[in-house]
Each structure stands twice: as structure tokens, then as C-alpha cells.
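Here's a quick tour of the charged pairs and the packed interior of this protein. Have the model open as you read.

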Amino acid sequence: WFHKPVVNEELLRSLPNLKIVASAGVGIDHLDLKLLSSRGVKVSNTPFVVSTDTADLGVALMLASSRRIVEGHQIAVSPDTRHFSADWLGTGVSGATLGIVGMGTIGYKVAQRARAFEMKILYHNRRQRNKEEEGAVGAIYCKKIDDLLQQSDFVLLSVNLTPQTHQLIGKRELELMKPTATLINISRGLVVDQDALVEALQNGVIKAAALDVTYPEPLPRHHPLLKLQNVVLTPHIGSATRETRRRMMEGMLESIQAALAGLPIPNEVL
């Protein structure tokens, strides 16, 4: 579990009869697909089962950050609290603009949830969704990510980690965002240049960040992201519900059984 053992050349040499590597979740950035294919090893993942819970968490992070829930909890339970400050304010979500970078299954489910908050929804994707899908959630396509970054109050990242998305959000992109904007990452830590993000949060380039993913995981205990008040962090728990994790395991087993029986593999990664 959790990328162990590492599937590398050494492991594959030790397992000459290996049929399949069944990976939990959506991301396959930890696997060398060309290496596996060259040895005739199949790969599967569990992409769709994680989408609902991960979308839920994305919205939860947006709300937690905007309404300063973690800070509020700390104040409410602190032994030093004698009164609640009247000017302790968060940021409204309803009616705000949400920019979704990566409108796949998870991103689309986030848009469905954001629709209930009467948010204006922008999205940037490799391909534009059809008009019916856009209309169902009121989403507006931004061909250029810069346009989305400049207009959004909340920018939510929901992309696979690829060479094209590695550090997709860096210093330049952060400076395009509003100084009142929040960055939410439910994809992979390496999609964001963390050093640039720390600098942006410290200097008021953007207002806040809410991150379910970082690099590495967990962060070193001295990392500056752990000390910033305008950051909400969760320990990569997008799919972490009992129900979803059970369905993930069942999906992996189905793929393994199919591979061993020589049958079509559910959710095979090609």
C-alpha cells in the first residue's frame, strides 16, 4: 500500500511471471508505464470510485479556508480565550468565482457542488466539454489558464501529474491570481511550485491555500507551510472514507482476477 514496494527494474527482474500491477486511486505518476509495458505487465487503477469523495473534500477545503474553520476551532478551544473578537472575519463563498483547473470526473463533480453555492464557475482543461455538460453546471471554458487565474476567487487544482502539469502553478501563475484569492490543491503536490507558494502566501500575493497534497508527504516538520496561519493542510485524504477505500480494494481485486484469468481488465491503464 502507498507505492510499496517500488515498482522498478529490480523488482520486475525478481518477478518474471508478474501479470499485473493494480494501483489504487487515479494517479499513476509513480509507475513507469513504458518499463512495465516492455515486460508485458498490465496496469490498472481505480479512477472513478474516488471521484465523489475527492470532490467533497475539495469543497470542504474551500469552505474551511474561506471561513477560517481551523483557526476558529483553535480560538474556541484555547485555554487563553476570554472572548470572541467581533472583527474576526472570513470570506464568502456563495456568489464567488471558482476556477477549476482540470475538469475531469473529479473537477466536474466539484462544479456540480459549487453550483449549489451559486458560484460562477470557470474551467481550464485539455479539451472543452460539450455544451450540455457545461450548461448543466453553468461552467465557462477558459482556453488559456491565465484568464482563469486572473478572474477566480478560488482556484482548485484537479489534474493528473504529468510532465505537462509538473509545477503548473509557479511564481508567474500565482502573481496572476487576485491578492484575495485562495489556491486549493486536491491533485498532486508537484503540480505546485511549493517554494513559490510559500513566498506568495508570506508576501500577500494570494490570500490563502488549502492543500490535501504536498511534496513530500508528510512535509518535514520544519517546513514553512506548517507555520503559516493562512494555510489549511490535510494528509492526502481525498478518497479516505471507509466506503470508498473498500470499493477501491474490490476494484483492484477484480482487475487482478481478470488479468490472471486472461480476461479484459477493468480500468486497465493503456
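## A pair on α10

Arg246 and Glu250 join their side chains in a salt bridge, 3.3 Å from N to O. Keep in mind that this is a predicted model. The two residues sit four apart in helix α10 (residues 242-261), so about one helical turn separates them. Arg246 is exposed, at 58% relative accessibility, while Glu250 is partly exposed at 36%.

## Lys171 and its two partners

Over in helix α8 (residues 171-176), there's another pairing with that spacing: Lys171 and Glu175 are four residues apart, or about one helical turn. Their side chains form a salt bridge at 3.0 Å, N to O. Lys171 comes out as partly exposed at 46%, and Glu175 is partly exposed too, at 47%.

Lys171 also has a salt bridge with Glu199, with the closest N and O atoms 3.7 Å apart. This one ties together distant parts of the chain, since Glu199 belongs to helix α9 and Lys171 to helix α8, 28 residues away. Glu199 is partly exposed, at 38%.

## The wider charge picture

In total, the structure has 14 salt bridges. Glu9, Arg13 and Arg39 are connected in a salt-bridge network.

## Inside the protein

The largest nonpolar core is made of 29 residues, and Leu174, Leu183, Leu197 and Leu225 have the most contacts within it. Helix α9 is the top contributor, giving five residues. Beyond its close sequence neighbours (within four places), Leu225 touches Gln194, Leu197, Val198, Leu201, Leu211, Leu219, Val231 and Leu233. Apart from this core there's another, with 28 residues, including Ala55, Met103, Tyr108 and Val110.

How values were computed
Residues are numbered from 1 along each chain as its sequence is written. This is a predicted model: local features need pLDDT of at least 70, side-chain atom pairs count only at pLDDT 80 or more; totals for chains, interfaces and linings use all residues. Side-chain values use heavy atoms; hydrogens and water are left out. A nonpolar core is a set of buried Ala, Val, Leu, Ile, Met, Phe, Trp, Tyr and Cys residues joined through side-chain atoms within 4.5 Å. Buried means under 20% relative accessible area, exposed over 50%, partly exposed in between (1.4 Å probe, protein chains only). Contact means heavy atoms within 4.5 Å. A salt bridge is a side-chain nitrogen of Lys or Arg within 4 Å of a carboxyl oxygen of Asp or Glu.
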